[in-house]
Amino acid sequence: MNTLCPYCGVGCGIKIEGSKIKGDSSHPSSKGDVCKKPLYLIDALQKDRLKKPLFREHKSQKFREISWDEAFDILASKLKELMPDENYFYLSGQLLTEESYLINKFVKGFVGTNNIDANSRLCMASAVVAHKMAFGSDGPLGSYDDIDDSDLFVFAGSNAAITHPVVFKRVLKRKRAANAKIVVIDPVFTESAERADLFIQINAGTDTAFFNCVLGILSDADNEATEYAKSFTAEKTSNICGVPREQIEEFVSLFRGAKKAISFWCQGLNQSTNGVAKNLSLINLHIATGRLGKSGFPFSLTGQPNAMGGREVGYLSNGLPGYRDVRSETDRAFVQNLWNTPHPIRETQE
Ligand code: SF4
């Protein structure tokens, strides 16, 4: 059976053959590669898992096993009994894209509420908002294939060697083949840092200053944004970030000299009180230096396997398929026309 590894955002294709798991060479994200994590999937699946629905009317009661028919009847009657906004749905990044699409349609078009949210809010809200602010859409750029012709890889707030191992292995392969360089920017010396050509041990929470400084040095533009970035001189930034000036200069030189630079980031930039600013500072560096497309791009790594598929089909309270938004009249009208569901899509939650 061909399926997907459920453990991280790389979403590797796997084949289950009897009690063996191996990589699926036809899968585009991994091309047959896997890390250790899915190798124990069979054992995990054979533990005592729920096989039938369990139900209790009240917390004081014990759960009892019920049939699927009974479960559907109970669900249907509860949904009819409650007002639309009395229902709440929380989805997983483990769902397939098609499942995320269907549940979003069911909740917004049939239940009639925007009370739906998902893992993508918990992990990726900063990246979603930063992409929308920078590009007008939460559609990250690039693909894993771009790794194979890049010559600079920046990992900011990401220990991909452990969290996204198959991507990191592909980066290492490119490093071996083309002497590509790896830069890791992290307050902690991680397993990824062990393999880096340049490890920048930055003070926690100071990434925005660092990327602003690099942007200020590299950008020739003369406008309000670059003027602000230029106020982060190498000396000032070195003090803020706890990074020696020589390392800032080395990073600038690597970024300037690369033919194609991919900047990966993950929860180290996302999970922060100013996560959107951190995301934007790295995205802005790519925009201001023209590194979008063939010469590189910023690459947001997602935590759960299909957090990105869910974002594409809009399974968040404000989302609609194709990166559309419930707050846009045009977007609502477009999707309403397509879905033709009993409840008109609502603009807000109440
Ligand atoms: S890299 Fe991620 S998706 Fe791929 S096999 Fe490992 S845990 Fe699974």
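**Close-up views of a predicted model**

**View 1. The loop that holds Asn179.** Between helix 6 (165-178) and strand 9 runs a loop, and Asn179 lies in this loop. The model shown here and in the views that follow is a predicted one. Although Asn179 is not a glycine, its phi is positive, at about 55°. Most residues other than glycine have a negative phi. The relative accessibility of Asn179 is 52%, and because exposed means over 50%, Asn179 counts as exposed.

**View 2. The loop that holds Tyr323.** A second residue with a positive phi is found in the loop between strand 13 (319-320) and strand 14 (324-325), namely Tyr323. Tyr323 is a residue other than glycine, and its phi is near 60°. With a relative accessibility of 29%, Tyr323 lies between the 20% limit for buried residues and the 50% limit for exposed ones, and therefore counts as partly exposed.

**View 3. Strand 8 and its two parallel partners.** Strand 8 (residues 152-156) is mostly covered, with 5 of its 5 residues buried. The cover extends to both faces of the strand, since Leu152, Val154 and Ala156 are buried on one side, while Phe153 and Phe155 are buried on the other. Strand 8 pairs in the parallel sense with strand 9 (residues 181-185) over 5 bridges, and in this pairing Leu152 stands opposite Lys181 of strand 9. Strand 8 also pairs in the parallel sense with strand 11 (residues 261-265), again over 5 bridges, and here the bridge partner of Leu152 is Ala261.

**View 4. Strands 1, 2 and 3 in antiparallel pairing.** Strand 1 (residues 2-4) and strand 2 (residues 13-17) run antiparallel and are joined by 3 bridges, with Asn2 standing opposite Lys15 of strand 2. Strand 2 is in turn joined to strand 3 (residues 20-23) by 4 bridges, and these two strands also run antiparallel. Glu17 has Lys20 of strand 3 as its bridge partner. Strand 2 and strand 3 form a hairpin with 2 residues between them, and Gly18, which is in the turn, has a positive phi of about 65°.

**View 5. The surroundings of the ligand.** The ligand takes up the space of the second largest cavity. Around the ligand are Cys5, Tyr7, Cys8, Val10, Gly11 and Cys12, together with Val34, Cys35, Lys37, Pro38, Pro165 and Val166. Sorted by class, this shell has 10 nonpolar residues, 1 polar residue and 1 charged residue. Because Gly is counted among the polar residues and Lys among the charged ones, Gly11 is the polar residue and Lys37 the charged residue of the shell.

**View 6. The largest pocket and its lining.** The volume of the largest pocket is about 1000 Å³. A total of 40 residues line this pocket, and those closest to its centre are Gly9, Val10, Gly11, Pro305 and Asn306. Several elements each supply at least two residues of the lining, namely strand 1, strand 2, helix 1 (41-45), strand 12 (296-300) and helix 14 (307-312). By class, the lining of the largest pocket is made up of 22 nonpolar, 15 polar and 3 charged residues. Val10 and Gly11, which are among the residues closest to the centre of the pocket, also belong to the surroundings of the ligand.

Conventions:
Residues are numbered from 1 along each chain as its sequence is written. This is a predicted model: local features need pLDDT of at least 70, side-chain atom pairs count only at pLDDT 80 or more; totals for chains, interfaces and linings use all residues. Side-chain values use heavy atoms; hydrogens and water are left out. A residue is near a molecule or strand if one of its heavy atoms lies within 4 Å of it. On a 1 Å grid over the protein atoms alone, a cavity is a set of points where a 1.4 Å probe fits but cannot get out, and a pocket is an open set with protein on both sides within 12 Å along at least five of seven lines; lining residues have an atom within 4 Å of a point. A molecule sits in a cavity or pocket if more than half of its atoms lie within 2 Å of its grid points. Buried means under 20% relative accessible area, exposed over 50%, partly exposed in between (1.4 Å probe, protein chains only). Two strands pair if DSSP finds at least two bridges between them. Grid points are joined across faces, edges and corners, and a volume is the space filled by probe spheres set on the points.
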